[in-house]
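Colleague: Before we use this model any further, could you take me through its architecture one question at a time, giving the reasoning behind each answer?

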Amino acid sequence: MKLTKLIINNFRSYYGPKTFFFSDHLNLILGSNGDGKTTFFEALNWVLTQDDAPKSEDDQMPENETLVSAKMFHELKAGQSGKVSVNLWLKNNENKDCMVERSFIVTKTVEGGLNISNYQHKAYRTIGTRKNEFLFLKDLFEKENVFPAVIKKYHIFKGEDKLNIFNDKTTLQNLIDMFSEVKDLEPYREFATYAYKTAESAMDHAKSKVAKFSYEVDELKNDMKTLEQELERAELSFTKAHNSFDEVKTKIDAIDQNFDVIQKAAELENKVSEKNLEIMRLEDRLDEEYSFKLLDNQWILIGFLPLLKEFNRKIDLLSTSKVNMENDYHRKKEEEYANERIKKAKTELEKITWGQTDVEHLNYSIRTHRCVYCGSELPKGSEGLNFLKKRLDDIIEILTSKPEEKMPEIQPYYKFHNIENLKGIGNSLGYAKDIEEIPNEMERLLKENREIKARIHDLQEEIEDMKSQINNLYANSSSGENLKDYVNNISTVNKWHEQKQSAALSMNKLSEKTIPELKEQIKTKREALQKKIKSTDGSEVYELSEFFRMFSIAVDDTASTNYKEFLERLSSVANKYLSLLNVDDFTGIIKIYLDISDTLKIELQDARGKVLTNPNTSLLTTMYISILFAISELTKENRKADYPLIFDAPTSSFDDSKDKAFYQCLNTVVNKQCIVVTKSFLKKKEDGDFVTDDAALSELDCRKYRIKKMSGFDKKDLTTIDTIVEEIK
């Protein structure tokens, strides 16, 4: 089958219908981050995924509400509707035209909410403009063999990390069921198991007729059962030992021939660490905060000793002048107070000429309202009477004894102590720091710092030399810098060696002694049992039981052979594609097999069979893609059906040159329809925008589309987002 056309309409960032046409070979959908690449992939996956079919994690469908174009819904008025749809046209494996449509209607409510209705997922046979609908959707996918669920999971991949399909433990069995004849053996296996159990039951019934026979046979069978249980335990121990051995074998194989390199590199790395620690300690001792020391250590005083002396001299003069001025001020205040006291005393002396007799006369005059001196009338409230009262009060105050009056406190002439503070600073600078010692102190610190920095420089040169030795060790080893992890975990490496040796000894003992001896003992018991049964009437039943036992073993052996042949075929085809996808690069050889414990193993080996333990990510990616191409080819051979491979960003780990070479191979060498969504072939301009690499694209004769957001959108408003689609000619 081939995909021919895709129309995405109002699906997330795709506002309105956007159309893509596909060629039969390579198709590139180019876009930078956020331009709608993932939306394109999800739209294609959405239309190809059946609701009632088994789904992988990536096939779980999102809520329909999340698929609606925000721009389309924003432009709807209340009560208006719009359609979200994805339509895919294709040719099935019989080259008949078909179309699949998945859609629903969106209506904006009065409150501004949305309602989903008329959900449809339909398939049609198309003849020109005429469409004949399939009765059931699965008729197209399953009966018409158009991307059935069992096939789809091996042909659509979202991201580079999804390319290793064998991360899913059911993958191998699914592939075996699809492509191998093992599934055809299942009825025979079920029959053999049933027949063997029936024959065993018949033999138990036959032997019960003869007591002696029954006892001896039971004894032999119990012995066999005990031995078989011991054999089962021994084989289980062997499997565990083998798994343990296999777990470290790959790691050990990668380092055995480089073990001396690892040890030497580890020794050098330890020395580098020690010297880095010494550098850290020395850097802690470095004291180059010279600007802080200008104040903290008073280095700023260097050369300022004459200024300090002049400063202190002037401060002394100011201090003396201040004292003199304050003394003059106090003396003046005291004189003013004394003069005021003298003046007041004179006034009081004038008043004191009035004696006690006068007091009596005044009291009499006031009481009689007549002056005893002049005989004048002194009416109540008269000026004369008031004068005499006032005079009497003054005399009484003068004659009344009072405590001695103290001189009031004199306010300081200077409110602040700035001069004293300056004098204290001057004295502290002169006594707290030996200014003449500052140059020697500075020189000692500078010398110590120079010595520390020289030592650090020597250590850094030693480190660079050791790193150069380490790099040379890596360069001359077979595994290169991949040994770094082992060097950094040398103790773990030593444990691996011990684990490998212990597992090897256990495997050797079990495989060469314990298991063969148990099998021989079981064989002896079985022969004795056979001989015993043949001497009685139960020989025919036993022989029938033995036949079905051997038949069951033969069926299992055939299944094992078919497994092996299928995996060898898968490896062979995958290696063909690996060589195509890595034209000018190292490829290695893909080896897919089941180990002794029936665990699936996928390895890259060199021509001598040595396992590549640390292949880079891009090589692993091409290996997984090669396996996918191989599965697709086997699908075509076994099911007579071809399917496109659809990838979303499969080569994110590739560098630019490998990336372009990879797509050139898909374009010219691999005869397969591929649809790849990628940001390859885009270059970033100085302004941060991306443009297509037209020179590189011109070398690809394939269908190419550029998708990007329409200019002028608001980064904070989804309703302004629209993905535009441009075909690159």
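**Sheet, helices and rings**

Modeller: In this predicted model, an open sheet of 6 strands with mixed pairing follows the order β8-β11-β12-β3-β15-β16.

Colleague: Which are the edge strands of that sheet?

Modeller: An edge strand is recognised by pairing on one side only, and that holds for two strands here. Neighbouring strands of the sheet are turned by 15° against each other on average, direction ignored. The edge strands, with their residue ranges, are β8 (156-158) and β16 (723-727).

Colleague: What is the bridge partner of Phe157 in β11?

Modeller: Strand β11 (residues 645-648) and β8 run parallel, and 3 bridges join them. Within β11, the bridge partner of Phe157 is Phe647.

Colleague: Which strands does helix α19 touch where it packs on the sheet?

Modeller: Helix α1 (residues 37-48) also packs on the sheet, touching β3 (26-30), β8, β11, β12 (674-678) and β15, with its direction at about 145° to that of β8. For α19, the direction makes about 140° with that of β3. The strands touched by α19 are β3 and β12.

Colleague: How far apart are the end C-alpha atoms of α19?

Modeller: Helix α19 covers residues 656-668, and its 13 residues at 1.5 Å a residue should span 18 Å. Its buried residues are Lys658, Asp659, Phe662, Tyr663, Cys665, Leu666 and Asn667. The expected span agrees with the model, because the end C-alpha atoms are 18 Å apart.

Colleague: And how far apart are the end C-alpha atoms of helix α14?

Modeller: With 38 residues (438-475) at 1.5 Å a residue, α14 should span 56 Å. Its buried residues include Leu445, Asn449, Ile452, Ile456, Leu459 and Ile463; an α-helix has 3.6 residues a turn, so residues three or four places apart point the same way. The distance between the end C-alpha atoms of α14 agrees with the expectation, at 55 Å.

Colleague: Is the aromatic pair of Phe20 and Tyr705 stacked or edge-to-face?

Modeller: The count of aromatic pairs comes to 10. In the pair of Phe20 and Tyr705, the ring centres are 5.1 Å apart and the planes stand at 65°, and planes over 60 degrees apart count as edge-to-face. The pair links distant parts of the chain, with Phe20 in strand β2 (residues 14-21) and Tyr705 in strand β15 (residues 703-709), 685 residues apart. Both residues are buried, and the geometry of their pair is edge-to-face.

Colleague: Which residues do ring pairs link into a cluster?

Modeller: Phe654 and Phe662 form an edge-to-face pair, 5.5 Å centre to centre with 85° between the planes. Phe654 counts as buried at 9% relative accessibility, and Phe662 likewise counts as buried at 3%. The cluster linked by ring pairs consists of Phe654, Phe662, Tyr663 and Phe681.

Colleague: Which lysine lies over the face of Trp89?

Modeller: Elsewhere, Lys108 lies over the face of Phe73, at 4.8 Å from the ring centre. For Trp89, the distance to the ring centre is 4.1 Å, and the residue over its face is Lys5.

Colleague: Is Asn10, with its positive phi of about 55°, buried or exposed?

Modeller: Most residues other than glycine have a negative phi, whereas Asn10 has a positive one although it is not a glycine. Asn10 is found in strand β1 (residues 2-11). Its relative accessible area is 9%, and a value under 20% is what the term requires, so Asn10 is buried.

Colleague: Where is Asn145 placed?

Modeller: Asn145 also has a positive phi, about 65°, although it is not a glycine. With a relative accessible area of 16%, Asn145 is buried. Its place is in the loop between α3 (137-143) and α4 (149-152).

Colleague: Which residues are in contact with Leu388, leaving aside its neighbours within four places in sequence?

Modeller: Leu388 lies in helix α12 (residues 383-399) and counts as buried at 11% relative accessibility. Leu388 and Asn363 are 25 residues apart in sequence and 8.6 Å apart in space, C-alpha to C-alpha. With those sequence neighbours left aside, the contacts of Leu388 are Leu362, Ser365, Ile366 and Leu378.

Definitions and conventions. Residues are numbered from 1 along each chain as its sequence is written. This is a predicted model: local features need pLDDT of at least 70, side-chain atom pairs count only at pLDDT 80 or more; totals for chains, interfaces and linings use all residues. Side-chain values use heavy atoms; hydrogens and water are left out. Helices (H or I, at least four residues) and strands (E, at least two) are DSSP runs, numbered from the N terminus. The expected span of a helix is 1.5 Å times one less than its number of residues. Buried means under 20% relative accessible area, exposed over 50%, partly exposed in between (1.4 Å probe, protein chains only). Rings of Phe, Tyr and Trp (its six-membered ring) pair if their centres lie within 6.5 Å; planes under 30 degrees apart count as stacked, over 60 as edge-to-face and the rest as tilted. A charge sits over a ring if NZ of Lys or CZ of Arg is within 6 Å of the ring centre and within 35 degrees of the ring normal. Two strands pair if DSSP finds at least two bridges between them. Axes are lines fitted to C-alpha atoms, for helices over the stretch in contact, and angles run from 0 to 180 degrees between N-to-C directions. Contact means heavy atoms within 4.5 Å.
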